[in-house]
Amino acid sequence: MIVFITIVVCAVVALLNTDKIYTLVTAIITIISVIYLHFIARVTWITKASLVFGVLMLGFFPVDGVLTGFGLESPIVNYNPKDFLGIRLLTIPIEDAVYGYTQFLLILYFFSIFRKKVDFKSNSQ
């Protein structure tokens with residue numbers, strides 16, 4: 001269900017915001033990543049990873065919040081308002097959370113691949 005919702009929401013957002021490059025690229029990369037992980041790589045852990053990402057957001061908010069200006073006179077990281085939706089969670093563009101989700105899923109995927117290779121080498125010696 002999470003895969004379906006992610007694909008549909010990102011596709012709609014991408015189609016409606018082709019003029020906003022950060023939004024468009026984030027949505028497209030998320031769609032491609034989730035489709036690959038679910039339908040091609042057939043990973044079984046996307047739901048669990050999504051729940052864990054929800055918990056990780058507790059650390060994401062303070063760190064990214066400071067970078068985007070929460071509690072500061074001016075932000076460390078500036079975004080061109082023409083390039084993203086303008087929807088913010090406190091001071092954080094929503095696209096940052098979606099990008100972080102995709103990055104988290106891909107890190108887990110590549111970690112599992114490299115771990116299998118290391119385990120295979122250890123067992124074959």
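Okay, so which helix gives the most to the lining of the largest pocket? Keep that in mind while we look around. One thing up front: this is a predicted model.

Let's start with the pocket itself. About 350 Å³ of space lies in the largest one. Eighteen, written 18, is how many residues line that pocket, and Thr6, Val9, Cys10, Thr30 and Val98 are the ones nearest its centre. Four helices chip in: helix 1, helix 2, helix 3 and helix 4 each supply at least two lining residues. And the answer to my opening question is helix 1, with six residues. What's the lining like? We've got twelve nonpolar residues, five polar ones and one charged.

Now, just after helix 1. Asn17 sits in the loop that runs between helix 1, residues 2-16, and helix 2, residues 21-40. Is Asn17 buried or exposed? Its relative accessible area is 13%, and the cut-off for buried is under 20%, so Asn17 counts as buried. Who does Asn17 have for company? A polar atom of the Asn17 side chain lies 2.9 Å from the backbone oxygen of Val13. If you skip the neighbours within four places in sequence, Asn17 is also in contact with Thr23, Leu24 and Leu85.

Last stop, helix 3, which covers residues 46-67. Where does helix 3 bend? Look at Gly59: the bend there is about 40 degrees, and there's a proline, Pro62, within the four residues that follow. Several residues of helix 3 are buried, including Phe53, Met57, Phe60 and Asp64. After helix 3 comes Gly69, with a positive phi, near 110 degrees.

That's my tour, thanks!

Note on methods:
Residues are numbered from 1 along each chain as its sequence is written. This is a predicted model: local features need pLDDT of at least 70, side-chain atom pairs count only at pLDDT 80 or more; totals for chains, interfaces and linings use all residues. Side-chain values use heavy atoms; hydrogens and water are left out. The bend at a residue is the angle between axes fitted to the seven residues ending there and the seven starting there. Buried means under 20% relative accessible area, exposed over 50%, partly exposed in between (1.4 Å probe, protein chains only). A polar contact is a pair of N or O atoms within 3.5 Å; within protein, one must be able to donate a hydrogen and the other to accept it, and residues adjacent in sequence count only if both atoms are side-chain atoms. Contact means heavy atoms within 4.5 Å. On a 1 Å grid over the protein atoms alone, a cavity is a set of points where a 1.4 Å probe fits but cannot get out, and a pocket is an open set with protein on both sides within 12 Å along at least five of seven lines; lining residues have an atom within 4 Å of a point. Grid points are joined across faces, edges and corners, and a volume is the space filled by probe spheres set on the points. Ala, Val, Leu, Ile, Met, Phe, Trp, Tyr, Cys and Pro count as nonpolar, Asp, Glu, Lys and Arg as charged, and the others, Gly among them, as polar.
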